[in-house]
Amino acid sequence: MPFAHETINDDKQMQLYFSLVEASGQLVPLHWHNHLEILYLSEGSMTANINESSYSLNPGDILLVNPKDLHYTQVYGDCRYYLLQIPSEHLERISSDWKLLHFQEYFPCSSKADSQNRKLSAIIEEMIRLDSEKEPGYHLLFLIQIYQFLYFLYTKGSTRLSRKSRSQTNRDFHRIEQSMQYVKINFRSPISLSDVAGQLSLTPEYFCRLFKKYTGQTFFTYVNQVRLLHFYQELLHTDDSITYLLDKNGITNYKLFMREFKEAYGTTPHRLRKQHQTNDK
């Protein structure tokens, strides 16, 4: 599973991805993708961090992640949300310089019929209905909703960045991406801050500030999230002992790990494995 760049399998007919996601106690570590991502929460609650901003989502809220924005999410308990991911092929129809646009990230639920947020929600709800019923030619009506949504964002929910600002962001993003790839390859081994910073020709102090600025978390918080997710996957899909999996995934601080595991999945590794084994019977 990639932890830096997410590869998205688009629907071939509409050239986008739309799906209902059902999750429980799910942690998705820091990552990015080239698509514009829209998340519409239906049930439950979750938190999301985009760059240095943090959002708490409740039913009816809309979260938007701009292309190449670094983000991670945490689901608490049972949760249902609709995920829409729109590739550049559609975004290019907005404007020839759409890459200089930054779209508003958060649209809280609103009951006011004439509010901008309610209008966006109505568009998404129509997408849900069309996708559920799938009548002949529904994809044409679905695409109409996509372009209504993009038109609204372009005219009501976007700001324009300067080329200088975008260039600086792209340069910093490349550095962060390199550090994430380093973690993806080396997470099972001890990771030194000076080694990672040295790979980027930066001082450890500057790298720490840069990583926190663009991700909203420390570098080692990200490292722990990657190790935690690998541990979680192997916990559920192997019979290896918990002690072995800790060591295999580079986890040395057991007390810190247990606290982070409980925060992410709501229980202990032993109980989670036992519950998973019971459900599989």
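**Helix α2, its surroundings and two hollows**

Outside the residues up to four places away in sequence, serine 179 touches Val196, Leu200, Phe207, Phe211 and Phe219, where contact means heavy atoms within 4.5 Å. Serine 179 has its place in helix α4; helices (H or I, at least four residues) and strands (E, at least two) are DSSP runs, numbered from the N terminus. Serine 179 counts as buried, at 1% relative accessibility. Buried stands for under 20% relative accessible area, exposed for over 50%, and partly exposed for what falls in between, with a 1.4 Å probe and protein chains only.

The model is a predicted one, in which local features need pLDDT of at least 70 and side-chain atom pairs count only at pLDDT 80 or more, while totals for chains, interfaces and linings use all residues. Residues are numbered from 1 along each chain as its sequence is written, and side-chain values use heavy atoms, with hydrogens and water left out. The chain has a mean pLDDT of 92, and 97% of its residues reach 70 or more; pLDDT is the predictor's confidence in each residue, from 0 to 100. Among the elements of the chain, the highest mean pLDDT, 97, belongs to β5, and the lowest, 86, to helix α10 (residues 269-280).

Helix α2 covers residues 116-133, 18 residues in total. From its first C-alpha to its last, α2 reaches 26 Å, close to the 26 Å expected at 1.5 Å a residue; the expected span of a helix is 1.5 Å times one less than its number of residues. Which residues of α2 are buried? They are Asn117, Leu120, Ser121, Ile123, Ile124, Met127, Ile128 and Leu130. An α-helix has 3.6 residues a turn, so residues three or four places apart point the same way. The cover over the buried residues of α2 includes the strands β1 (17-24), β3 (36-50), β5 (62-65), β6 (71-86) and β8 (106-107), together with helix α3 (138-156).

Isoleucine 128 gives a closer view of α2, the helix in which it lies. Isoleucine 128 has a relative accessible area of 18% and is therefore buried. Not counting residues up to four places away in sequence, isoleucine 128 touches Phe18, Tyr40 and Tyr82. The C-alpha atom of isoleucine 128 is 8.9 Å from that of leucine 20, although the two residues are 108 apart along the chain.

Valine 21 lies in strand β1, one of the elements covering the buried residues of α2. Valine 21 counts as buried because its relative accessibility is 18%. With neighbours within four places in sequence left aside, the contacts of valine 21 are Cys79, Arg80, Tyr81 and Leu83. Between the C-alpha atoms of valine 21 and tyrosine 154 there are 27 Å, for a separation of 133 residues along the chain.

Two loop residues have a positive phi without being glycines. Lysine 134 comes just after α2, in the loop between α2 and α3, and its phi is about 45°. Its relative accessible area of 46% makes lysine 134 partly exposed. Asparagine 51 has a positive phi of about 50° and is found in the loop between β3 and β4 (53-57). Unlike a partly exposed residue, asparagine 51 is buried, at 14% relative accessible area.

The empty space comes next. Rolling a probe the size of a water molecule over the atoms shows where empty space is left. On a 1 Å grid over the protein atoms alone, a cavity is a set of points where a 1.4 Å probe fits but cannot get out; a pocket is an open set with protein on both sides within 12 Å along at least five of seven lines; and lining residues have an atom within 4 Å of a point. Grid points are joined across faces, edges and corners, and a volume is the space filled by probe spheres set on the points.

The structure holds 1 cavity of 30 Å³ or more, and the largest cavity encloses about 30 Å³. Its lining consists of Phe18, Ile38, Tyr40, Tyr82, Leu84 and Ile124. Phe18, Tyr40 and Tyr82 are also touched by isoleucine 128. At least two lining residues come from each of β3 and β6. By class, the lining of the largest cavity has 6 nonpolar, no polar and no charged residues; Ala, Val, Leu, Ile, Met, Phe, Trp, Tyr, Cys and Pro count as nonpolar, Asp, Glu, Lys and Arg as charged, and the others, Gly among them, as polar.

The second largest pocket has a volume of about 660 Å³. Of the 24 residues that line this pocket, Pro67, Lys68, Asp69, Arg166 and Thr169 lie nearest its centre. Two or more lining residues come from each of β7 (101-103), α4 (163-186) and α6 (204-215). Helix α4 gives the most, with 5 residues. The lining of the second largest pocket divides into 8 nonpolar, 9 polar and 7 charged residues.
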